[in-house]
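Visitor: Could you walk me through this structure? I would like to go through its helices, strands and loops with you.

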Amino acid sequence: MTFDVDTGRKPSCPFCDLPEEDWEDCPHLVAVFDRTFLDCYGGEIFDRDGEFRDLVEAAFSKRLKGAESVAFEKADLERLWQQSKYEQASQAGEESYWDLNDRIFQELLIERLLAAGARALPGRCEDSTPLASSVYTILFATFPRIVILKALQLLVEETILSE
Ligand SMILES: [Zn+2]
């Protein structure tokens, strides 16, 4: 159970007012991001954050093979790219293997969902258990599926290589 540390209130959907325990019935939930443990639960994004990851990984793989030195326009994407390039380069001799940096990737994903029209619950949402405290970013939208499509579209445009 999460709560807003500023108001002490439990979060509810800004569109239909369903409380957290009923969010499985809320058609507006886009995603619940655990910023502390870098997880993503519930909402329309459930099982779909992999689509974003695959998209970025494919674009980076293509660049790692080529001699491309063009920077990505978006600063966070460029940061993720530099991090991946560094990781791959530091394993010289080994079969090239790298992972997207989870923290940068999560920030980038949240940023694109917001740019696509998702609305973040205001305030600071945290777990109420003192032992395993997490900070959450919780996103809602009138039409979550459209937001996800738009966010994917944004990322496609940003990652397309200039031929
Ligand atoms: Zn709702």
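Visitor: How many residues does helix α4 have, and what distance does α4 reach from its first C-alpha to its last?
Guide: Happy to start there, keeping in mind that this is a predicted model. Helix α4 covers residues 144–159, which makes 16 residues. At 1.5 Å a residue, 22 Å is expected, and the helix comes close to this with a reach of 23 Å.

Visitor: Where on α4 do its buried residues fall: on one face or all around?
Guide: The buried residues of α4 are P144, V147, I148, A151 and L155. Seen down the helix axis, they fall within an arc of 100°, so they line one face of α4.

Visitor: Which residues on the other side of α4 are exposed?
Guide: Exposed here calls for 12 or fewer other C-beta atoms within 10 Å. On the side of α4 away from its buried residues, the exposed ones are R145, L149, Q153, V156 and E157.

Visitor: What covers the buried residues of α4?
Guide: Both a strand and helices take part in the cover. Included in it are β2 (29–34), α1 (49–65) and α3 (102–115).

Visitor: What arc do the buried residues of α1 cover?
Guide: Helix α1 has 17 residues and reaches 25 Å, close to the 24 Å expected. Its buried residues are F52, V56 and F60. They sit on the same side of α1, because the arc they cover around the axis is only 55°.

Visitor: Which helices do the buried residues of α1 pack against?
Guide: Let us take the two sides of this helix in turn. On the other side of α1, G50, D54, A58, K62 and K65 are exposed. The buried residues of α1 pack against α2 (75–89), α3 and α4.

Visitor: Which residues does L113 touch, leaving out those up to four places away in sequence?
Guide: The largest nonpolar core has 29 residues, and L113 is among those that touch the most other members, along with V30, A31, A118, L139 and V147. At least two residues of this core come from each of β2, α1, α2, α3, β6 (135–140) and α4. With sequence neighbours up to four places away set aside, L113 touches V30, A31, A118, L139, V147 and A151.

Visitor: How many of the six residues of β2 are buried?
Guide: Strand β2 pairs with β6 in the antiparallel sense over five bridges, and L29 stands opposite F140 there. The rest of the structure largely encloses β2, because the buried share of its six residues is five.

Visitor: Which residue in the turn between β2 and β3 has a positive phi?
Guide: β2 also pairs with β3 (residues 39–41), in the antiparallel sense and over three bridges; D34 has D39 as its bridge partner. The two strands form a hairpin with four residues between them. In that turn, phi is positive, at about 55°, for L38.

Visitor: Is D17 buried or exposed?
Guide: Most residues other than glycine have a negative phi. D17 has a positive one, near 70°, and lies in the loop between β1 (2–4) and β2. Since 12 or fewer C-beta neighbours within 10 Å is the limit, the 9 around D17 make this residue exposed.

Visitor: In which loop does D47 lie?
Guide: D47 also has a positive phi, near 70°. With 8 C-beta neighbours inside 10 Å, D47 counts as exposed. Its place in the chain is the loop between β3 and α1.

Technical notes:
Residues are numbered from 1 along each chain as its sequence is written. This is a predicted model: local features need pLDDT of at least 70, side-chain atom pairs count only at pLDDT 80 or more; totals for chains, interfaces and linings use all residues. The expected span of a helix is 1.5 Å times one less than its number of residues. A residue is buried if 20 or more other C-beta atoms lie within 10 Å of its own, exposed if 12 or fewer, and partly exposed in between; C-beta atoms are placed from the backbone. The arc is that of the directions from the helix axis to the C-beta atoms. Two residues are in contact if their C-beta atoms, placed from the backbone, lie within 7 Å. A nonpolar core is a set of buried Ala, Val, Leu, Ile, Met, Phe, Trp, Tyr and Cys residues joined through C-beta atoms within 7 Å. Two strands pair if DSSP finds at least two bridges between them.
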